[in-house]
Amino acid sequence: MGVLSEGAVGNANGNEVGTTASFAGYMETRGVREARVLASELCRHMYTLGWFSGTGGSITIKVHDDSIPKPRQLVVISPSGVQKERMVPEDMYVLSSDGFILSTPPLKPYPHKPPKCTDCAPLFMKVYEMRDAGAVIHSHGMESCIVTMILPFSKEFRITHMEMIKGIKGHGYHDELVVPIIENTAHEAELVESLTEAITAYPKTTAVLVRNHGVYVWGDSWISAKTQAECYHYLFDAAIKLHQLGLDWSTPTHGPIRSINGIWGCNGTMSRGLKVGGLSLDDMIEPSQRCILLDIEGTTTPISFVTDVLFPYAHANVGKHLAATFDSEETQDDINLLRSQIQHDLEQGVVGAVPIPPDYVGKELVIASFVANVEAMIRADRNITALKQLQGHIWRTGFQSNELVGVVFDDVPEALERWHASGIKVLYLLSLFIYYFLSFASISCPIPL
C-alpha cells in the first residue's frame with residue numbers, strides 16, 4: 001500500500017481516488033476518535049503480551065455507529081513498521097468500508113519512517129467482507145507460531161476438553177476446536193487467497209493460523225476479538241506445554257501421547273515418547289521418527305473379513321496351492337516347517353495330526369497328508385508359525401489372482417492419506433498375511449512394506 005498525498009483519498013492499494021473534504025467532519029466525530037484511541041491502547045497492550053513485538057502484528061476495528069450498517073462502517077487500522085508500544089491515536093489509518101484510505105497518520109521526524117498502512121489490510125478487509133466482523137487481530141505471538149511447527153504438515157490445529165475453549169464463539173468445553181492452518185508466504189498480501197479458502201472451508205472458525213508466522217482472530221466486536229485471541233493463545237500455549245510433557249492435547253483425557261485419532265503410535269524407541277515433535281525432552285520424538293503402529297483386524301478391517309473370508313479361503317485352497325507350487329523353494333520351506341510341527345504334534349498326541357508318508361510314495365499322497373494336517377490345524381484355530389506362514393502365502397496368491405479383494409472401513413483410506421500428507425509413517429501389526437493383504441488390498445499403502 002502506498003503513501004497518499006495530503007488531503008487525498010486512496011484505496012487499499014494506495015491509488016488516489018478523490019479528496020477527504022467530504023469526510024473531514026466525520027473524521028472528527030466521537031466514534032472515530034474513540035476507535036483510534038482504543039486501537040492504539042490495544043496495540044500497546046498486545047505488545048506487552050508478545051503479540052506485536054518487533055513492529056509486527058496489527059489490529060483493525062470498525063468505527064461503531066448505530067446509524068450506519070456494520071458492512072458500511074469506517075475501519076481503523078494500525079500502521080506497519082511502527083513501535084507498537086509507542087502507538088498514539090494519530091498513528092492510525094482510517095479506511096472506508098470498501099478499503100479506500102480516508103485518513104493517513106502525520107509524518108514524524110527522524111528516525112521515524114514515513115507512515116505505511118499495514119500489509120495485513122487486504123486480509124482484514126476480506127475478513128470484514130466474509131464474516132461481518134467488528135474487529136480483527138493479527139498476532140505474531142510465539143505460541144501461535146510454534147504450535148504450527150509441531151505438526152509441520154498438518155492443515156489443522158485441533159484441541160478438546162479445555163476450559164478456555166468456552167471462550168471461543170460457538171464452542172463448549174466438550175467440543176473439539178478446529179483451527180485451519182495456511183502456509184506462509186514472503187508477502188502478507190499473498191495470503192488473501194488461502195485465507196479466503198480457509199474461511200470458506202471452515203465456516204465455524206473465528207481464527208486462521210499461518211504456519212511459522214502467527215494467527216488472525218476476529219469477532220463481532222473488539223471485545224469479542226480480544227477475548228477470543230486471548231483464549232486461542234492460551235490454548236496454543238497449553239498444547240505446546242502438554243506436548244513438552246508427552247501428553248496429547250487433542251484427546252479428551254490428555255493422556256500420554258500414545259495415539260493419533262485413536263490409533264496406537266510408536267517411534268521405534270519405547271523409552272521415549274510416542275508422537276511428533278522435537279522440543280528436546282525425553283518424552284518427545286523427532287519428526288523423522290514419527291509413525292503409527294496400526295493393527296489390522298478390527299481396526300482397519302472388519303474381523304469378519306478374516307474369519308468369514310480369509311480363513312475359509314485358505315482352508316479351501318491348501319491342496320491347490322501346494323500342488324501348484326510344490327517344487328518351489330518357498331513352498332519347500334513351508335513344507336519343512338509343517339513336517340517339524342506335525343512330528344511334534346504326533347509326539348504330543350495332538351488330535352488331527354497324521355503321519356506324513358515318505359516322498360517316494362508320490363507327490364499326491366504327500367500333499368493329501370499335509371492337507372489333512374493343515375485342515376485340522378485350521379479347525380482348531382491354532383496360532384503356530386508353520387500354519388500362519390502357509391496361510392500367508394495362500395492369501396497372497398488369492399490377492400494376486402483377484403480371488404481375494406481387500407476390505408477396509410470407510411474412514412481408513414482418508415486417514416492413511418491424511419497421515420501420509422502429514423509426514424507420519426504407518427507401520428502394520430499382526431500376522432504375515434497383513435503384508436500380502438496391504439500389498440494387494442484396494443487401498444494405497446502410505447509406506448513401502
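1. Let's start with F124 and Y216: both are buried in this predicted model. They belong to one of the aromatic pairs, of which the structure holds five. The ring centres of F124 and Y216 lie 6.1 Å apart and the planes meet at 70 degrees, so this pair is edge-to-face. The pair also ties together distant parts of the chain, since F124 is in helix α3 (residues 121–131) and Y216 is in strand β11, 92 residues apart.

2. Stay with the aromatics for a moment. F157, Y232, F236 and W249 form one cluster. Another ring to look at is that of Y128: the charged end of K62 sits over it, 4.6 Å from the ring centre.

3. Now zoom in on helix α4, residues 142–150. Which of its residues are buried? They are E143, S144, C145, V147, T148 and I150. These buried residues pack against five strands and a helix you can find in the model: β7 (135–139), β8, β9, β10 (207–210), β11 (214–219) and α6 (222–244).

4. Next comes E163, where UniProt places the feature "active site", in an unreviewed entry. Look for E163 in the loop between β8 (156–160) and β9 (176–182). Is E163 buried or partly exposed? With 48% relative accessibility, it counts as partly exposed. E163 also has a salt bridge with K166, and their closest N and O atoms are 2.7 Å apart. K166 is partly exposed too, because its relative accessible area is 48%.

5. My pick for a closer look is E183, which is linked with K155 and R211 in a network of salt bridges. On one side, E183 meets K155 at 3.4 Å, N to O. That bridge spans 28 residues, from E183 in the loop between β9 and α5 (192–201) to K155 in the loop between α4 and β8. On the other side, E183 meets R211 at 2.8 Å, N to O. Here the partner R211 sits in the loop between β10 and β11, 28 residues from E183.

6. How covered are the members of that network? R211 has 4% relative accessibility, so it counts as buried. E183, at 35%, is partly exposed, and K155, with a relative accessible area of 48%, is partly exposed as well.

7. Finally, step back to the whole protein. You should find 12 helices and 15 strands, and the salt bridges come to 16. Of the 449 residues, 48% count as buried. Among contacts between residues at least 6 apart in sequence, 62% join residues at least 24 apart. The protein exposes about 21,500 Å², with carbon and sulfur atoms supplying 55% of it.

Methods:
Residues are numbered from 1 along each chain as its sequence is written. This is a predicted model: local features need pLDDT of at least 70, side-chain atom pairs count only at pLDDT 80 or more; totals for chains, interfaces and linings use all residues. Side-chain values use heavy atoms; hydrogens and water are left out. UniProt positions are given in the numbering used here, feature names are shortened, and annotations may be inferred rather than shown by experiment. Helices (H or I, at least four residues) and strands (E, at least two) are DSSP runs, numbered from the N terminus. Buried means under 20% relative accessible area, exposed over 50%, partly exposed in between (1.4 Å probe, protein chains only). Contact means heavy atoms within 4.5 Å. Rings of Phe, Tyr and Trp (its six-membered ring) pair if their centres lie within 6.5 Å; planes under 30 degrees apart count as stacked, over 60 as edge-to-face and the rest as tilted. A charge sits over a ring if NZ of Lys or CZ of Arg is within 6 Å of the ring centre and within 35 degrees of the ring normal. Accessible areas come from the Shrake-Rupley method with a 1.4 Å probe; for residues, only the protein chains shown count as cover. A salt bridge is a side-chain nitrogen of Lys or Arg within 4 Å of a carboxyl oxygen of Asp or Glu.
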